[in-house]
Amino acid sequence: MLESSNNLKLKLIKKIFIRTGDFFTQNSRGELYQNVESDSAQFCEFVINNIISIFVTIVNLLVAIVFLLFLDWKLMLIILAVQPIIFIFQMLMTPEIIRISKKTRDISADYVTLSQEVLSNPIELILSGYKENMVSRLVQVMRKYLDITRQSVVINMFSANAGEFLSSITLCAVIAYSGINIISGNMSVGELVVFITYAQKIVSGISSLVDFSIDMSEIEPIYDRIKEQLSYEPPEKLENPVFSETPEICVEAVDFSYDSKVKIYNNFDYVFHYGKKYELLFGLWSPDSGRITIDERDCSELEYDDLSSIITYVSSTPIIIHDTLYNNLTMYDKNISEDMIWEVLKKVELEELFSDNEDKLNTIIGDNGITLSSGQRQRLSLARTMLIGRRIIILDEPTSALDEATTELITKLLYEEFNDKTLIIISHNKSVLKNCDRILKIEKGKVMEVE
């Protein structure tokens, strides 16, 4: 089961990484985590635990029914008359079970998302004074989750016990009718024992089918979500595009908005020449109209992996994983040597910080780089960008919340280390943009060049 669950998880993860920006806007981290971790595990467990057992149950059920029909068809009619009531009852309960199952899953996703937010930034929440608000909100969501879990337990218990109750009534009716036949001499005690033994097989088999039906109702929303994810196919993309050594980015009559209402860009036209320094941003979202091309290839027709082979994006809050300095810089790329790492650490003025540490490149950085200052995190991210060696680099507020000295260092590195690259910077800091070849300003949806 573990292998099947892992295989399904990998398939879901691969599908997530070919989604557009709208998908990530509409789904929280908790939702994605639930889909990959919880949904896949529950679905595989359901399939593996039930596939063989249900087949065996049905075979035993059919054998027992045929045998008892020959033994005493009248007694068999008593069993067959009562059991359909169980299925009718279950059909009436199914919509409520599905509703609660969906609600449980949704609230669980909210709970996971909020838990991650709280636990990923405990120190910041304490120092900022927002701890009480966030923990209070987490408690509210936990209570909702507990409440819907109680409802789920109650309805499942009621469904299961109702089936057991009707099955018990069936056996009581069989025993009563058999007792009358024994007294009248129409049935022996041995025949009764045999009949009850096989009748119990039928009753327990039908109970198993009822339980399976309940489980099916609960798993249905999970199956729908997994099916929706796995069936997703992106639009056709160009295969194995080859970019020039000096790729040129063209923006042609682009209109863009996140919600199709408030325009971010309106009829934006521009050409980003290779080797120049600019200010602007490209993302996972497609334009409302117009197009963006690289070397005359429409970006909407390119795979993300092909785009990332020449473009790298550096966030204002860079990804720092709870791992070693080495793995944070290489992101598990085995082609990057230690010598290369020490060289870039020297350039970003982090060499001394880690060379004096006994663990050196094996120093654990901590969640979100908790052991580093904001300036050190930004410099680590810059070192990672140097190592990856892309031709087009996009930086989002690279000096936000940094002191003057660190800002000056990072600005100097940007123009020295990426002098032969296309550099696109998003920043409100004029000192960062002063050495740009072109400065673009967005105002009321219009993009204009600043002299």
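## Cores, a helix and a surface patch in a predicted model

Of the 35 residues in the largest nonpolar core, Leu414 and Ile425 touch the most other members. The elements giving two or more residues to this core are helix 9, helix 10, helix 12, strand 7 (392-396), helix 13 (404-417), strand 8 (422-426) and helix 14 (430-433). A second, separate core has 22 residues, among them Phe256, Ile294, Ile311 and Ile394. The structure is a predicted model.

Leaving aside residues up to four places away in sequence, Leu414 touches Leu382, Leu395, Pro398, Asn419, Leu423, Ile425 and Val432.

The chain as a whole comes next. It has 14 helices and 10 strands. Of its 451 residues, 42% count as buried. Among contacts with a separation of 6 or more, 75% are between residues 24 or more positions apart. The chain exposes about 25500 Å², and carbon and sulfur atoms supply 57% of this area.

Which residues of helix 10 are buried, and which are exposed? In helix 10 (residues 338-347), the buried residues include Ile341, Trp342, Val344 and Leu345. Seen down the helix axis, the buried residues fall within an arc of 165°, so they line one face of helix 10. Asp339 and Lys346, on the other side of helix 10, are exposed. The buried residues of helix 10 pack against three elements: helix 9 (325-330), helix 11 (351-355) and helix 12 (374-388). Just after helix 10, Glu349 takes a positive phi of about 60°.

Helix 9 contains Thr330. If residues up to four places away in sequence are not counted, Thr330 touches Ile336 and Ile341. Ile341 is itself one of the buried residues of helix 10.

The surface offers a contrasting case. Val47, Ile48, Ile51, Ile52, Phe55, Val56, Val59 and Val63 make a nonpolar surface patch of about 710 Å². Ile51 lies in helix 3, which spans residues 29-71.

Why does Thr330 count as buried, and why does Ile51 count as exposed? Buried means under 20% relative accessible area, and exposed means over 50%. The table sets the two residues side by side.

| Residue | Element | Relative accessible area | Class |
|---|---|---|---|
| Thr330 | helix 9 | 5% | buried |
| Ile51 | helix 3 | 58% | exposed |

Thr330 has a relative accessible area of 5%, so this residue is buried. Ile51 is at 58% relative accessibility and therefore counts as exposed.

Conventions: Residues are numbered from 1 along each chain as its sequence is written. This is a predicted model: local features need pLDDT of at least 70, side-chain atom pairs count only at pLDDT 80 or more; totals for chains, interfaces and linings use all residues. Side-chain values use heavy atoms; hydrogens and water are left out. Patches are made of residues with over 30% relative accessible area and no salt bridge: like charges are joined within 9 Å, nonpolar side chains (Val, Leu, Ile, Met, Phe, Trp, Tyr) within 5 Å. Accessible areas come from the Shrake-Rupley method with a 1.4 Å probe; for residues, only the protein chains shown count as cover. A salt bridge is a side-chain nitrogen of Lys or Arg within 4 Å of a carboxyl oxygen of Asp or Glu. Helices (H or I, at least four residues) and strands (E, at least two) are DSSP runs, numbered from the N terminus. Buried means under 20% relative accessible area, exposed over 50%, partly exposed in between (1.4 Å probe, protein chains only). The arc is that of the directions from the helix axis to the C-beta atoms. Contact means heavy atoms within 4.5 Å. A nonpolar core is a set of buried Ala, Val, Leu, Ile, Met, Phe, Trp, Tyr and Cys residues joined through side-chain atoms within 4.5 Å.
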